[in-house]
Amino acid sequence: MSQADGTNGPLSFFENVNRSFDRAARFLTYPEGLLTQIRTCNSVYAVQFPIRTRHGYEVIAGWRVQHSHHKAPCKGGIRYAPVVSEQEVQALAALMTYKCALVDVPFGGAKGGVQIDPKRYSVDELERITRRYTAELIKKNFIGPGIDVPAPDYGTSGREMAWIFDTYASFHPGQIDAAACVTGKPISQGGVQGRVEATGRGVYFGLREACENAEDMKPVGLSPGLADKTVIVQGLGNVGYHAAKFCQEAGCRIVGIAEYEGGIVNARGLDVDAVRAHRAQTQSILDFPGAENVPQSPAVLERACDILIPAALENQITATNAPRIQAKIVAEAANGPITAQAEDILAAKGVLIIPDVYLNAGGVTVSYFEWLKNLSHVQLGRMGKRFDQSAFDKILHTVERLTDKGLSEGERREVARGADEIDLVNSGLEETMITAYRQIYEEWRADTQVPDLRTAAFISAIKKIAVSYIELGIFP
Ligand code: NAD
């Protein structure tokens, strides 16, 4: 089948990312060599290692791809999934480069993948796989606070990050900055408050920005603001759960949730926390009280809603189901959920796509804060909290004296408060998502030929990366 860009057949995930790059590059005048340098993966490390499991010895395949060395360290999550492949990890690493540039996080992009289904292994086996994979990264100098810093992604969490840190620290006794070799760690292991929910919170901030402007909502037939919007979420994992939760708190109605085992819908709304508790108890979201079961999970994506949030894996909206998607906005919480062909179909239908490369950047933003915390060896807010509190207190006393009006103890506690770590993290995340959206939006509106937010985001990212090379004198 011939596609709009002249290629035949469906593109691979990596080709799809490069298609977005090439679309953006048409609006830029950099020399071809510079664009090729930005777009190419700098280092690709493939590894195979044996592991003894209950089922006998298995050879496990893993990858770590450093897409760009224009800044150090490289940064990107580690994915555990049976479908992980080299081209998938390359695509995800490339997205990380553009993502970090968009949100002004000073890292090159990277990604890791281990080709396993974590559900098939015991905790003990997963620990052995994680530690061995980390040892392989150490052997080739593919991990370190100033080299390459992994984080959680699909199929991994703080638990795996703690094992990675512990393995790295054992191989580098006395390295004072060892904790900064990985982010997304539990708090007790040097993690930062707010990292677990950061990607989902960032998705919410990004959606809020995109839906704020009445002029942008008019073409999709929606009123401005998130309140009362109907939302369907695919994937109730880390990103999907938190994105749904924050949207619900902002007044959205979650009318559908799709998971591995099936989907549930309820036009009156589903309580996200209750669905999660139900799944934890029964191992399934199906049969949630008051909801209709949809045994074929992908069918949930085709139900009527204002906002569809795919938060599972790539290639979920394809040429096959795109014509049936009824959502007015698709908010890409997952990486690469829309194939190239599907994107053209949705664009022709006038669907507003908020691209992954921007929308799920909250995770790496807060990972950056964790990395800074690890390198500074001090909890965020520790130095200033008391000082700010007493300064606010003095201001309040002065205002009370001058106005002859007093505050209650509760009011005083609320106003005269220094920022905790979680306050600083959330405020830094909000600021980052707002600023990045405005920069992307400016690129979109600056030229009527720029077709969509994704192209605008890539233009913004390429410009920021190109500067690094140009100012180094490598390219004119
Ligand atoms: P996760 O493993 O915590 O959750 C993913 C969920 O999706 C699981 O509950 C899984 O059962 C479900 N799922 C898988 N296939 C499905 C399908 N076909 N239909 C319905 N549900 C399905 O993973 P996560 O960390 O939430 O990552 C989700 C996506 O977000 C990935 O694309 C990842 O790359 C991206 N992302 C994650 C982070 C992060 O901080 N974790 C940051 C940026 C981007």
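**Notebook: two sheets, two domains**

I began at strand 9, where E292 is the bridge partner of V265. The model I am reading is a predicted one. I then looked up the strands behind this pair: strand 8, residues 262-265, runs antiparallel to strand 9, and three bridges join them.

Next I traced the sheet around them. I found an open sheet of seven strands with mixed pairing, and its order reads 9-8-7-6-10-11-12. At its edges I noted strand 9 (292-294) and strand 12 (352-354), each of which pairs on one side only. I also looked up the turn between neighbouring strands of this sheet, and the average is 20 degrees, direction ignored.

Before leaving this part I checked Q283. I placed Q283 in the loop between helix 9 (272-282) and strand 9. Its phi is near 70 degrees, which is a positive value in a residue that is not glycine.

**The other sheet**

I turned to the sheet of five strands. It is open, its pairing is mixed, and the order is 1-2-4-3-5. Here the edge strands are strand 1 (43-53) and strand 5 (148-152), and each of them pairs on one side only. For neighbouring strands of this sheet I noted an average turn of 20 degrees against each other, again with direction ignored.

In which sense do strand 3 and strand 5 pair? I found them parallel, with five bridges between strand 5 and strand 3, the latter covering residues 74-80. As one position to look at, I wrote down I78, which stands opposite P152 in strand 5.

I also looked just ahead of strand 3. P73 sits in the loop that lies between strand 2 (56-66) and strand 3. The peptide bond leading from A72 to P73 is cis, and its omega is near 0 degrees.

**The two domains**

I looked up how the chain is divided. The domain assignment gives domain 1 as 31-189 and domain 2 as 198-359. Their C-alpha centres are 28 Å apart. On the contact itself I noted eleven residues from domain 1 and eight residues from domain 2.

I then read off the area between them. Domain 1 and domain 2 bury about 860 Å² between them, and carbon and sulfur atoms carry 59% of it. Which three residues supply most on the side of domain 1? They are L95, K99 and Y154, with 46% of the area that domain 1 buries against domain 2, more than any other three residues.

For charges and polar atoms I made separate entries. I counted one salt bridge between domain 1 and domain 2. R79 and E314 meet through their side chains in a salt bridge, at 2.9 Å from N to O. Across this interface there are two residue pairs in polar contact. I also asked which element gives domain 1 the largest share of its side touching domain 2. Helix 3 (residues 86-102) does, with six residues.

**Salt bridges elsewhere**

Last, I searched the whole structure for salt bridges and the count was 39. Side chains of opposite charge can pair when their charged atoms come close. I picked out D22 and R39, whose side chains meet in a salt bridge at 2.9 Å, N to O. This pair links distant parts of the chain, with D22 in helix 1 (residues 13-25) and R39 in helix 2 (residues 32-39), 17 residues apart.

Notes:
Residues numbered from 1 in each chain as written. Predicted model: local features only at pLDDT ≥ 70, side-chain atom pairs only at ≥ 80, totals over all residues. Heavy atoms only, no water. Pairing = 2+ DSSP bridges. Helix = DSSP H or I, 4+ residues; strand = E, 2+ residues; numbered from the N terminus. Axes fitted to C-alpha atoms, helices over the stretch in contact; angles between N-to-C directions. Domains from an automatic or database assignment. Contact = heavy atoms within 4.5 Å. Buried area = accessible area lost by both parts, 1.4 Å probe. Salt bridge = Lys/Arg side-chain N within 4 Å of Asp/Glu carboxyl O. Polar contact = N/O pair within 3.5 Å; in protein donor to acceptor, adjacent residues only side chain to side chain.
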